[in-house]
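Here are some friendly notes to read alongside the model. They go through ring pairs, charged contacts, a pocket and the cysteines.

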Amino acid sequence: MNYDVLVAGGGTAGLFAAYRLAKAGLSVAMVERKTQENIGEKVCGDAVGEHHFKEVGLEPPRIGVDAVHEFRGVRVYSPSKRAHVTAYGKGYALDRKAFGQRLLRLALDAGAELLDSHVILKPIVEESWVKGLVVRGGGGTKELRSKVVVEATGSAAAVRTKLPKEWWVSEDIPKEDYNIAYRVIAEVEERQDPYYALIYLDVEVAPGGYWWWFPKGEYTVNVGLGVRPDLGVNPKKQVEKVLYPILEKAGAKIIHEGGGLVPTRRPLPCMVWNGLVAVGDAACTANPIHGGGIGPSLDSSYHATNTIIKALEEGEPTIEALWPYHRAYIETYGDKQAGLDALRIFLQGLTNDDLDFAIEKGIVTDKELSEMGYQGELLKSIVDKAVRGLKLITRPTLLRQIVAARDYVNKAKKLYAEFPEMPDKFEEWRTKQEKLFAEIKARFWRSTP
């Protein structure tokens, strides 16, 4: 069973990749452990910004088809809940399963083959190449061979983590660079304002993350929280302790609940190898601040498939031929993601008192929050206000941290902008990257894992 491309995983990143590759005339098979009718089901926040669809040329979701309603922005509350700041921008509350099924239909209509109810056992490795997958399903175990494997198995990274450890693409992700989340979908009696997704910062409720209340229409909500897994907090127990009473007050009837793991950090340093390309959560493309992964996964698949198509047209899919995927992704999202990762580490070191001060004193405005999300920068205007405000109330420690955070955010973006054009300079670059982020964690976290 030979194909041009095998796509490992039928999530957003994998389905979009399969669609674009099959549309380009390549023979494509998708390997997915779920049954066909269950593709699209996933525990997540279900929210995504409209701009992601425009950037990759995909028709935005439609209300009543694969989306429940539109958002006008995201509102971020201080721990005290006395103040908030809003990032404005159009987005969607998805019908997650319907959205996945829509992408699946696009892929199948373009000519991709689906091997559902199949488990990936291991990649086929020959010398320094990935040559396909060994899978189990349909009554037995079989070898599927391909010119390229697209690793799209999500945070499990079930393909690349089984590759030789000396291969750059098999790099392990530290526990502290994930967020583990638990969420419930509930019908409520209390009418909701459906136009704003609500995020609540509180290091006592959700250490290393936040808790959220995302309306899915006027009487349905997606509610949950995410925490840094190395801090020893069980997100399910926190939901039961903190969020269940709020849901009960709103007259909630729980429809579904479950947990999940999301890499909330900078992109995987190396996302390709001979015959392999990693996309979506398997390549750590989720936004480090809010954990949104749907949009970036589409973005990564868009650039990965462009690179694969060109590599196969011009010759063999060597690491050198696939390497331009890095540059394309970094230029559109990855450098911003690196800056936001530095900002994420800084924020995870703040206390509730620090967060209350920043939001209640207007250190961050609506416009600045929106710009930070799009640009991945700690803006000069925020730092200038912090300098003025903190000097007045003599908080020199926090002031020094904010100034240092700005410098680290800029250093992270600059380092990713200098990502090597070819693999021969990668190890030197990776050493700088590891050193920089180890330094950032040591600076801002009171104790590093």
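1. Let me begin with helix α1 (residues 12-23), where F16 and Y19 are three residues apart and so about one helical turn from each other. Please keep in mind throughout that this is a predicted model. The ring centres of F16 and Y19 are 6.2 Å apart and the planes meet at 35°, so the pair counts as tilted. Both residues, F16 and Y19, are buried.

2. A second ring pair worth a look is F71 with F214. Here the centres lie 6.5 Å apart and the planes are at 65°, which makes the pair edge-to-face; the cut-off for that class is an angle over 60 degrees. F71 belongs to strand β4 (residues 67-77) and F214 to strand β12 (residues 210-215), so this contact ties together parts that are 143 residues apart in sequence. F71 and F214 are both buried.

3. How many aromatic pairs does a search of the whole structure find? The search gives 22. Ring pairs also link W167, W168, W273, W323, Y416, F419, F426 and W429 into a cluster, which you may like to display as a group.

4. Turning to charges, the count of salt bridges comes to 27. One of them joins E331 to R327, with the closest N and O atoms 3.4 Å apart. Both residues sit in helix α7 (residues 324-348), four residues apart, or about one turn of the helix. Are these partners buried or exposed? E331 has a relative accessible area of 55% and is therefore exposed, whereas R327, with 13%, is buried. The cut-offs behind those words are over 50% for exposed and under 20% for buried.

5. Two further salt bridges can be set beside that one. In the pair D172 and K165, the closest N and O atoms are 3.5 Å apart, and both D172 and K165 are exposed. In the pair K414 and E418, the corresponding distance is 2.6 Å. K414 is exposed, with a relative accessible area of 51%, while E418 counts as partly exposed at 44%. Beyond single pairs, salt bridges with shared partners join E176, D177, R265, R266, D341, R344 and K441 into one network.

6. The second largest pocket holds about 250 Å³ of space. Its lining is made up of 13 residues, and E41, K42, R96, K97 and R183 are the closest to the centre. Which elements give two or more residues to this lining? They are α3 (96-109) and β10 (178-187). By class, the lining of the second largest pocket has eight charged, four nonpolar and one polar residue.

7. Finally, the cysteines. A search of the whole structure finds zero disulfides. For C44, the nearest cysteine sulfur is that of C284, 17 Å away; C270 also has C284 as the nearest, with its sulfur 12 Å away. A disulfide needs the two sulfur atoms within 2.5 Å, so neither distance qualifies. C44 is buried, with a relative accessible area of 17%, and C270 is buried at 0%.

Note on methods. Residues are numbered from 1 along each chain as its sequence is written. This is a predicted model: local features need pLDDT of at least 70, side-chain atom pairs count only at pLDDT 80 or more; totals for chains, interfaces and linings use all residues. Side-chain values use heavy atoms; hydrogens and water are left out. A salt bridge is a side-chain nitrogen of Lys or Arg within 4 Å of a carboxyl oxygen of Asp or Glu. Buried means under 20% relative accessible area, exposed over 50%, partly exposed in between (1.4 Å probe, protein chains only). On a 1 Å grid over the protein atoms alone, a cavity is a set of points where a 1.4 Å probe fits but cannot get out, and a pocket is an open set with protein on both sides within 12 Å along at least five of seven lines; lining residues have an atom within 4 Å of a point. Grid points are joined across faces, edges and corners, and a volume is the space filled by probe spheres set on the points. Ala, Val, Leu, Ile, Met, Phe, Trp, Tyr, Cys and Pro count as nonpolar, Asp, Glu, Lys and Arg as charged, and the others, Gly among them, as polar. Rings of Phe, Tyr and Trp (its six-membered ring) pair if their centres lie within 6.5 Å; planes under 30 degrees apart count as stacked, over 60 as edge-to-face and the rest as tilted.
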